[in-house]
Amino acid sequence: MSRNFELRCPNCRVVVRLGTPACPKCGGNLEVFYRNLEFTECEGRGVWRFSSVLPTPSSPVSLGEGSTPLIAAKRLGDRVGLENLYLKDESRNPTGSFTDRGAAVVVSWTLELGLNSVSCRTSGDVAASLAAYCARAGIACCASPGYMMDRYRLYQFMLYGGRLGSPKKGAYVVRHSDPLLVEGYKTISYEVALSLGEVDAVIVPTGSGALLYALWKGFREAAATGMIAREPRMIAVQESTCAPVVRAFERSLGEPLRIGDAGSCLAVEICDPSPARGREALMALRESGGSAVAVEPSDVLAWIGLLAELEGVIAEPAAAAGIASLPVLVEKGVLERSSRVVAIVTGAGLKDPRSLLASLRRSRRIGPTKLMILRVLRERGSIHAYAVWRELRRRGLNLTKPAVYQNLWIMERGGLVKSKIRGRRRVYELTEEGWRVCETAES
Ligand SMILES: [Zn+2]
């Protein structure tokens, strides 16, 4: 059977064999191109339902990846000011991450090419996914020490039979930029297009840039096949401690800035100071008329808890970063109230017990900011969040409006503050417990 695709360099147009790590001429990232792109529903579920728009091997390896739920997030939408917000819950993949979609394609092709093992030049979730799919296929998976950054993902990798050490001869070497990973990830866009049709914006936690670029490729293809009439705007979210794509976007640069340190973020999954697909991610932001935003680690922690409580989804910190960006984007006017928005919940919070504990601890702590908000409410009675924000400024505390909302919600959850709708706005006041905390702090 002749293949309907080829692997080539988008710059030099050189066609290369599958498994080639980079363009032999310019060293750039490679891309899968299709001769006749046409979507037809295929047998099989998840990723392989999209065989007609994927490089399809003769015997696909699967653990049941893909076909993840698209949840209409009403309660979360109310909180952040969006009427049509959806969560694409990728935590429901076999290893708890969207990376399974890419690993299914890579490991299937490792077998197809007659290779005997996979060697990971990647960190975290990608390595854990590859190890799981190698276990399924009965081939070896190894990672060079130094690439695995996070303790819990390392445990996961090793439980699936992954080994640390030099690659075997004849291994398929996988980097974050691997074009087959991109092909697997892009199936998220096809699923969104099939379920919702056109959407206005997609929120993407961004590390290597591979996911953001893959989603863009998927939406562009879905538009080319007539499945949707237009592509959404892509929105990249990073943590302020390591945000090379966001900072480059803010300066209108074509290349990610070399800033931030590996391991400096709470959201380790998106902490990547030299993103392998950063250039393509920036291109996707530009071409889609998108945007990019950095969020603070404290907001990431807060939103892990808020997302769990409002929608029943326990997400990894990277996904919580995506959610934390929503009130900021609404406030800046990047998203409108009626915009149809999909936020990608990239992975499961249960993969990272430390961040869950940190989020719980944070929600219980009453620091100086919260105490000042409680005092404002004690003195002013029942007022809306904007009035709290203005009063804090008058007292010399310059918080952003989303930060004021967030602190109010956290204290509402903790039973210190209660709210009700008065007219068209939500007003806040102290509970008895809130009064008690104020008085205890002063005694
Ligand atoms: Zn090239």
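A salt bridge is a side-chain nitrogen of Lys or Arg within 4 Å of a carboxyl oxygen of Asp or Glu. The model is predicted, so local features need pLDDT of at least 70 and side-chain atom pairs count only at pLDDT 80 or more, while totals for chains, interfaces and linings use all residues. Residues are numbered from 1 along each chain as its sequence is written, and side-chain values use heavy atoms, with hydrogens and water left out.

**Exercise 1. Salt bridges**

Task: State how many salt bridges there are, list the residues of the network, and place the pairs of Arg 337, Glu 309 and Glu 429.

Solution.

Step 1. The rule above gives a count of 33 salt bridges. Asp 125, Asp 150, Arg 153, Glu 269, Glu 316, Lys 351 and Arg 354 are joined in a network of such bridges. Side chains of opposite charge can pair when their charged atoms come close.

Step 2. Arg 337 and Glu 83 form a salt bridge at 3.3 Å, N to O. Arg 337 belongs to the loop between α11 (317–332) and β13 (340–345), and Glu 83 to the loop between α1 (74–80) and β5 (84–89), so the pair ties together parts 254 residues apart in sequence. Helices (H or I, at least four residues) and strands (E, at least two) are DSSP runs, numbered from the N terminus. Arg 337 is partly exposed at 49% relative accessibility, and Glu 83 is partly exposed at 45%. Here buried means under 20% relative accessible area, exposed over 50%, and partly exposed in between (1.4 Å probe, protein chains only).

Step 3. Glu 309 forms a salt bridge with Arg 413, their closest N and O atoms being 2.6 Å apart. This pair links distant parts of the chain, with Glu 309 in helix α10 and Arg 413 in helix α15 (residues 401–413), 104 residues apart. Glu 309 has a relative accessible area of 44% and is partly exposed; Arg 413 is partly exposed at 28%.

Step 4. Glu 429 and Lys 418 meet in a salt bridge of 3.8 Å, N to O. Glu 429 is in strand β16 (residues 425–430) and Lys 418 in strand β15 (residues 417–422), so the pair ties together parts eleven residues apart in sequence. Glu 429 is partly exposed at 23%, as is Lys 418 at 42%.

**Exercise 2. The zinc site**

Task: Identify the protein donors of the zinc ion and determine their arrangement.

Solution.

Step 1. Donors are N, O and S atoms within 2.8 Å of the metal (3.2 Å for Na, K and Ca); water is not among the atoms, so sites may look incomplete. The protein donors are the SG atoms of Cys 9, Cys 12, Cys 23 and Cys 26, 2.2 to 2.3 Å from the zinc ion.

Step 2. The angles subtended by the four donor atoms are 105 to 116°, which makes the arrangement tetrahedral. Four donors count as tetrahedral if all angles lie between 85 and 135 degrees.

Step 3. Along the chain the donors follow the spacing C-x2-C-x10-C-x2-C. Cys 12, in the loop between β1 (5–8) and β2 (15–16), and Cys 26, in the loop between β2 and β3 (31–34), link distant parts of the chain, 14 residues apart. Cys 12 is partly exposed at 25% relative accessible area, and Cys 26 is partly exposed at 41%.

**Exercise 3. Helix α10**

Task: Compare the span of α10 with the expected span and describe how far the helix is covered.

Solution.

Step 1. The expected span is 1.5 Å times one less than the number of residues. Helix α10 (residues 297–311) has 15 residues and reaches 21 Å from first to last C-alpha, close to the expected 21 Å.

Step 2. Eleven of the 15 residues are buried, so α10 is mostly covered. Among the buried residues are Val 300, Trp 303, Ile 304 and Leu 307.

Step 3. Gly 312, just after α10, takes a positive phi of about 75°.

**Exercise 4. The sheet with β9**

Task: Give the strand order of the four-stranded open sheet and describe the surroundings of Val 173.

Solution.

Step 1. The order is β8-β7-β6-β9, with parallel pairing. β8 (163–164) and β9 are at the edges with a single partner strand each, so one side of each has no neighbour in the sheet. Two strands pair if DSSP finds at least two bridges between them.

Step 2. Strands β6 (residues 117–121) and β7 (residues 140–143) pair in the parallel sense over four bridges. Cys 120 has Ala 143 in β7 as its bridge partner.

Step 3. Val 173 is in strand β9 (residues 171–175) and is partly exposed at 26% relative accessibility. Neighbours within four places in sequence aside, Val 173 is in contact (heavy atoms within 4.5 Å) with Ser 119, Arg 121 and Asp 178.

Terms used
Tetrahedral: all angles 85-135°; square planar, octahedral: opposite > 155°, others 65-115°.
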